[in-house]
Structures are given as C-alpha cells and as structure tokens.
Amino acid sequence: MAKYTPMIEQYLAIKAEVQDAFLFFRLGDFYEMFFEDAVNAARELEITLTGREGGAEERIPMCGIPYHSADNYIARLIEKGYKVAICEQVEDPSQAKGVVRREIVRIVTPGTVMDARSLGETSNNYMVSVTEEQEGCFGFAACDISTGELFVTRLEGTITLVTDEMNVYHPSELLGSAELLQKLRDNNPAGWASSVVMTPRSASTIHTAVSLEDYFAEAELAALPAEAKACVRQLMTYLQETQKRSLAHIKHIRVYEQNQYMIMDPFTRRNLELVETVRDRSKKGSLLWLLDKTVTAMGGRLLRRWIEKPLMSETAIRERLEAVERLYHQLIVRDELKQALKEVYDLERLVARIAYGNANARDLVALKASLRQVPLLKQIGEASGSGTLAKLTARIDPCQDVMAWIDTAIQDEPPVSIRDGGMIKAGYHAYLDQLREASTNGKQWIAELEKQERERTGVKSLKIGYNKVFGYYIEVTKANLPSLEEGRYERKQTLANAERFVTPELKEKEGLILEAQEKMVDLEYELFMQLREKLSAHISRLQQLAELIATMDVYQSLAAVSAANRYTKPAIGDDFELRVDEGRHPVVEAVMQDGFFIANHTRLSREDGSMMLITGPNMAGKSTYMRQVAIICLMAQIGCFVPAQSAKVPILDRIFTRIGAADDLIGGQSTFMVEMMDIQVMTEKATARSLVIIDELGRGTSTGEGMAIAQAVIEFLHDKIGCKTLVSTHFHELAHLEETLAGLRNYCMAVKESGRQVTFLRKLIPGAASTSYGIYCAQIAGLPGGIIDRSYELLHAFEARAELLQGESEAVAGIGAPPSDKPSALQEAQMPNRTELPLAADAAMPDAGAAAAEPMAMTAEPETAAPAPFAAAAVKDPQQQPEQVKESGYVQLSLFQETAAAPERTKKKSDPKLEQLAEQLKSADLMNMTPMMAMNFLFDLKKQLS
Ligand SMILES: Nc1ncnc2c1ncn2[C@@H]1O[C@H](COP(=O)(O)OP(=O)(O)OP(=O)(O)O)[C@@H](O)[C@H]1O
Ligand SMILES: [Mg+2]
C-alpha cells in the first residue's frame, strides 16, 4: 500500500466525509482538488489538470483555483448539479506544528445556495425533504434557505401526491431515504427528476443529531403534524451538516393542508403554461409573465407561489379580490403604491443574509432604504379604502428602530468588503472617532513633514509616499541626492531614477498611524458584527414585514394587469355552475399582434350540460378555448380578475388536463402509455368539483382503438364522476354521444367557406363538425402542391369507399334512406346547422362584422384549383349553401347509383348465404366503427360473397 504524505492523508480523511461533493481543499491562496475530484473538476470547469508528488509512486492528479475567485467556480459546479465542500485552514500556518489543521466550513449544494449569482431573483430555490412515516403517509417539507421560508404538510395517499406537491416548488434538491427517492424517480411523468439533485439520507449517512427544539419555538412545533416531524428533522439535520452555522432565519414553520389549495398534476401545470411555456420553458408567454407587474423581488416570488397554489377558501379568495378591486379602480393609489415599492429591496434575502452571517454593510444600507418606505406603504394601504389592505397594513410593524440603528451606525455608501473599514459613521463610537482623528492628524503631520523636508533640503521634487512593503518613505531623485544632509536619512529602496529613505522621526509616526489604522479597521469590523448580531434578534419582525410588503406588491400587480386588459371581477361561488361570458385566453390575447382575440362563452351546469364535446377544424382554436376556460377558473381562484365580460366561477378542487400525445413534447415522455396513465389518475382522483380538459383524446393509437377509448372515457366521466368536462376531438363520429349522454353537448368551431377560401372564425357554436380541414391547413403550412393534390385525391377515394359501404349496408339491410324526420347520428353529425341551432354565421358575427373577424383569420388562396374542403360544419354563405349541399348530394347520388341495384339482386335470389350476410350487416354496429374498421368489415363480407 502506498504511503501518502501527511497532508494527503489529511485530505483523504476529510474527503471521506464528503464522498458526494467536490472537496475544495485550501492550500495557501488556492483551493486544490486531488485524485478523481481533480480529474472531474478539470473537465467540468475547463481548468488545467496538473499533478504533484504525494508520497506514492504515481503522481497525484491535482488542479486548483485561486481562493478569491472561488465563488464563480462554485456557482458553475452547483449549476451543473454538483455539491462543493469548502475546507479551510483553521489555524495560523505559522503557529502550526506539523500539518495545518483543516476543516470543512460549509458544503454548498444546489438546495443550499446563498450566493446571489446562483439564485434567480424572482424565483425561490427550494430544498424538499420527504419521509414516508407509514405506507401511504408522507411528511413533506420545502425550505428556501435564501429567504428562510419553510412550508410543511402531510400527504396521505399514493406517491403521486408527493410528485404533485413537488411540482409546486420545483425543488433543486430532494432529501429522502434511498427507497423513497427511487419511488419518486420511478414516478416521474413530467420528467422533473432529471433536474433535481437527489440526496439520499439514511441513519448511516447522518452524522449529526439535531433536536427541533433548538431551532423552533414551542408554539411552532406544537402546530407541526406528528407525521411531518421526522421530515423537518431530516431537513434541519442536513442543513446543519452542510451549513455549519446559524440558521436563525428559518424560524417559522408554515403548516398547510394539501386541500387548502387546488391540486394540479405536473402535466396540467405544464399544459396551462402557468410559470413557463411548454415550447421553450421560458417565463415569457406564461401566465406568470402576463400577471407579473410586481416591482419587488419578493413580490415576484410570492405571485409565482399564488399562481402555483390557487386557493380553495371562498373567504380568502374574496378577500384577495376585494383588494384587487379597490386598486383596480384607483389608478393614483395604485401608482403611488408602485412607486413606494420601487425603493424596497429584497428584504427576505437581505434578512436571511443577516441571519446567515454573510450580509455586508451595503446590505444593511439596502435594508435601511427599504424600511424608510414602510410608513408610506402603511399610509397608502390605509388610504386605499380596501378592507383587505387595511387589515394587512394594521399588521405592519414599521421596524423604524431597526432603521435608526443602521442609520446611526453605517455610512450611506459603504464599501463591499467588511474587512477594510470605511463603514461606520463618525459619532457612532468614541474610540473609533479618536483613532480616526489620530490617523487623520498623522496624515496631516506627514504632509507638514514633506513641506519641512523640501525646505530643509531645497529639493522641490522631494515627496513622501507609502507602500505596503516599505511603509512611509521620503523619495528623492538621483540628481538631487547631494542635497541630502549626511547621516540624517536611512536608505530603504533604490529605484531607477530615485532613492527612498526614512528618518527615525518618520518611522515613529508611521508606527502610530498604522497602528491607528489597523485598530480602526478591526474596531469597525467588530462594531459591524455587533450591529449585525443585534439585527439578527429582529429577524422574525423583518420577515413578517417582508411578507406583508410582498403581498401588497402582488395586489398592485394583479390590479394593474386586470385594469390594463379590461378584466372583470369574477363571482366566486360554491355551487356547480361555471358561466363565462365573452371569455378570452389572457396570454394569447396579450401576444396577438395583428387582430383581435375572438371571445367565447362557456356554460357548464347540471341543467344545461356539464360536458362539452368540441369538434372543428385544425387551427380553429379548440385547444386555446379549452385552456382559456381552465385559466379563467385558475385566475379567479388566485384572486385575480378574469379576461371575460362577466364570469361566475365555482371553486374547483382540481384541474386535470390531458393533451394528446403529439402536442406534448416535454422530455420525450409523450407516449400513449403516459397519456393513459394520466387518464387513470384522473379517473381515480377527479371529483364532481373538478374540471377535466382532454384535448384530442385517444389520439396516440389506432383510430378505432383511440375512438373506443375516447368514448369509454367520456362515458365514465359523464356517468361516474359528473365533473365539468371539456373534450376536443377530431373523431367527429363521437358527436352521436349527445343523444345518449344527457349532460353532453356538441360544440364546434365555426369556419366560413367562400369559394376556395376558408376563414377560421374562432367562434364556438353549438353542433358538431364533420371535417378537420387538415389538408387545407397543410396547404397553408406550405406543403408541396403534389402532396396536397394527392391528399385530396386519397381523401375522396376514402370517402367514396365509406359512402359506398354505408350505401351497401343500408341497401343490403333493406333500410334505405333514413326517415326524413329522424336523421341518423352520422348524418346529424354532418349537419351542425340543424334548424334548432342558431345560424352559425350569426353566432360567429353578432354584429355582422365579417370585416372584423376576417382579417385575423387564417386564409389561403391556393394557386392551383385545389378541391374545395368538404365540411358541412362550415359556416357558409347562405346563398351558397344550397349549391354546396347539392354538390355533396351529387357525390352521394353517384355512389348510391352504383349500389342501387343491390337490393334488387338481393330480393331476386333470396340466397340463404346472402341472407346470412344481410343479417351480419344488420347487426353490425356501424355507428361505433371507424371508416377503416368498416372497410375491413365490408371486405370480409365481399370475400364471403365471392
Ligand atoms: N379565440 C381566438 N381568437 C383569435 N385567435 C385565436 C383564437 N383561438 C385561437 N386563435 C389562434 O389560432 C391558433 C390555433 O388555435 P388552436 O391551437 O387552439 O387550434 P386547434 O383547434 O386546437 O387546432 P388543432 O386541431 O390543430 O390542434 C392559436 O395559436 C391562436 O393564435
Ligand atoms: Mg389543438
């Protein structure tokens, strides 16, 4: 076995404590890494890998970084999901006997970052701790050590509850037993597990025993559910182990129940684009982006939390809406509030830094400036006339004592470093003032000496200077050296053109000046630490203040956005009905550059139907509409006004969204299996108070099976759950469900066809569509003409065959044309403009404003005479309609002509085989067959015939 040098032995012993982190081992002015750490760090940080002798035969790989730029490197490693243990020399090397003693002073992990560079200003950085107390009973704690927030709850049920909750916080680090972490990893539908650092904790890895009583007051612990105690202990133990310092800012435990908030699974959050977009995961384009007009960082973070956790309590929602309403109507108050908030810094993080011990004098000045605004904020809150704001401001403790302490002690523009002095104001401390005077006097004395020496020697260029190595010196150019009095000057340093000297007198004064300066710096540091300590005792007050200010900021933000976009106050109710008049999608509306967003109604009630089956062309706005309904409900539940003319919104316990596989590009997880697993969760968890949105149900598999599943799921939701449901589909055949499911209504997106042009009106109308205009959309997208022509050709062939099948089946079965007073479901599905329905054109353009609707619709003028799309659901020019119907009638006639002879033949021969075939045809469930299935069926029959 190789024998290493004592230092390397020391390194290895320390490294054994932190197997999962890079060990930054302090050697003089560098942090060095050795062995595997060095190889990995060199690769990750792109620094040079060297080596050194360590006692063994082979050189030890090594790389290092200067200690003063360590923060940058640490930030880079943390960003890549690594941990870094910082090991310092803990004794003075000159005093050390043998190897200098070294210890790990802190372990930086993704969940425990305090460095502003690695922290997003308007997002929290959570560490989550999870425990499973007994099967199906979980403790859950989320902590942001950069702000001191700690949220704790207990969860009872399946592991998906934990993943749902995890998704609220987007933690950067997760603590739990290895088994539990594995379970979470396996239950990772939204792919979040790849971006979180998982730190397994077990009895064998825990070195410190902490008691919760050391951290939290009795009252805080009393509120903690028994199931969550071990979880909080696991968290605090880890924080103690890694931070090795005071965590006085983590004082308050916010215990909540999961059912206090609306529950959403990870996909729903993604699909609704609450805090980031699906496409590129950016904030821009998300609901948060739209609603965020907060001016403080903590307001920004709080708004994010509100969006992630919509409320379930009617009273609490009403309270929020009241504040928003007051501010909505008072532009001046709102603006004053905004201006006052602009001067407020990130109090939460400032306060955390004070407690954590890394706040500098500038942080204290920022705290002072923020506190200066508080009386004004309080005044604005009181004057707003809002009951909610009055209640809030009554709880504000302005902390003006804290502000005064900082004001009397700290300079207005102190330096960044707390080690170089220059922070404390004159008059704050008598001895410091004396030292300052001594130092100032000393400097004056030196200026005086310079003058005297010039006179004594007659050398005008003589000067007195200072540097760190030689201290004060008298400098004379070489040419003037003869003017110096013999024996009076002691030579110190020779330069190219000059010589530097000292005199006993200068030496003495220098001692006094430097001593005063050193003492001054030390004393300032000490005074600063005392003040910081003193402020630490007031952390709770400051944290509460921060939260209240953040809340005011969120109110002004929601009010500002609501007013700017003409949102209205929703009526919140606890009954079933959801009614939205002229609803809009807030984000799509905000980003639309050319044209207006077309508003649509929503009515979901027990009487008028709680389920909407939406069909209609591609690009028609189905997905937008369905998301808009969900977002309006969610906005109401966070206490914001909603984009509608008026809205009555019930409190939803959950929103589920399922977006067809092809729409879901996140993390390569968009398989049909995942979709089905999600639907499984939905069938298990949805209640009558939930809102379910399924976009393109059953799309990821074969048409027949997809449609079968779609129908079965719709029936299940309708019969067994009775929740509000919006389903969009391109399976137009499903429209017949309206006849059998009392609570289901067909809707479609109106389209206007004129000539060869199709205009999407984006207007939701009752009835079902019969086409998707898929090829037309492909044409707009610019697919080659050849493909488009061929597509139409094939489509017509498919259709012709389908019609043929229908004609044959009807003929063979002897049923002929359906009775004129009761159209078949299929026909009905193809005729959305049934007489009882309003004319689609009217619904689409209430003010006959075709000119308003048309410019924003997608249109294309095909160059080649492409066959006209064949939708019957299209909103047609009334005068055109008969012609088109005739046209389609003609197509059908030609098909029937071919099959017209069939019944004749059947009758004439009366062959038993044929009768059997007729029987088969009769009993065939054509309604529930896809065209493909039907064609196969027909093919079979034909085979039997021949
Ligand atoms: N109400 C509206 N007013 C104006 N523009 C709209 C409206 N709804 C949707 N749009 C625009 O139409 C585009 C397509 O809408 P959407 O994706 O909802 O269509 P879709 O019916 O779901 O299509 P597909 O069947 O292909 O999924 C949107 O990106 C948006 O720009
Ligand atoms: Mg869509």
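## Strand 21 and its partners

Strand 21 and strand 25 (residues 724–728) run parallel and are joined by four bridges. Within this pair, Met612 stands opposite Leu726 of strand 25. The model described here is predicted. Strand 21 also pairs with strand 26 (residues 744–754), again in the parallel sense, over five bridges. Here Thr615 has Cys748 of strand 26 as its bridge partner.

In a regular strand, side chains point alternately to one face of the sheet and the other. Both faces of strand 21 are covered: Met611, Leu613 and Thr615 are buried on one side, and Met612 and Ile614 are buried on the other. Five of the five residues of strand 21 are thus buried, and the strand is mostly covered.

## The annotated binding site

An unreviewed UniProt entry places the feature "binding site" at Gly616, Pro617, Asn618, Met619, Ala620, Gly621, Lys622 and Ser623. Of these annotated positions, Met619 is found in the loop that lies between strand 21 (611–615) and helix 22 (622–638). Met619 is buried, because 21 other C-beta atoms lie within 10 Å and the threshold for burial is 20 or more.

Lys622, also named in the UniProt feature, lies in helix 22. Lys622 is buried, with 26 other C-beta atoms within 10 Å. When its neighbours within four places in sequence are left aside, Lys622 is in contact with Ile614, Gly616, Ser728 and Met749. Among these contacts, Ile614 is one of the buried residues of strand 21, Ser728 falls in strand 25 (residues 724–728), and Met749 falls in strand 26 (residues 744–754). Gly616 is itself one of the positions in the UniProt feature.

## The four-stranded open sheet

A further element of the model is an open sheet of four strands, in the order 18-22-19-20, with mixed pairing. Strand 18 (571–573) and strand 20 (600–604) stand at the edges; each has a single partner strand, so one side of each is left without a neighbour in the sheet. Neighbouring strands of this sheet are turned against each other by 20° on average, direction ignored.

Within the sheet, strand 19 (residues 578–583) and strand 22 (residues 646–650) pair in the antiparallel sense over three bridges. The bridge partner of Val580 in strand 22 is Ala647.

## Residues with positive phi

Glu582 lies in strand 19 and has a positive phi of about 55°, although it is not a glycine. Glu582 counts as partly exposed, with 15 C-beta neighbours inside 10 Å.

Arg762 is another non-glycine residue with a positive phi, in this case near 60°. Arg762 belongs to strand 27 (residues 757–766). With 26 C-beta neighbours inside 10 Å, Arg762 counts as buried, whereas Glu582 is partly exposed.

## Packing of helices 13 and 14

Helix 13 (residues 347–356) packs with helix 14 (residues 361–372) at an angle of about 140°, and their axes are 10 Å apart. Helix 13 is therefore oblique to helix 14, since only angles over 145 degrees count as roughly antiparallel. The crossing of the two helices is left-handed.

Helix 13 contributes Leu347, Leu350 and Arg353 to the contact, and helix 14 contributes Asp363, Ala366, Leu367 and Ser370.

Methods: Residues numbered from 1 in each chain as written. Chains lettered and ligands numbered in written order. Predicted model: local features only at pLDDT ≥ 70, side-chain atom pairs only at ≥ 80, totals over all residues. Pairing = 2+ DSSP bridges. Axes fitted to C-alpha atoms, helices over the stretch in contact; angles between N-to-C directions. UniProt positions renumbered as here; feature names shortened; annotations may be inferred. Buried ≥ 20, exposed ≤ 12 C-beta atoms within 10 Å, placed from the backbone. Contact = placed C-beta atoms within 7 Å. Parallel < 35°, antiparallel > 145°, perpendicular 65-115°, else oblique. Left-handed = near helix turned anticlockwise from the far one by under 90°.
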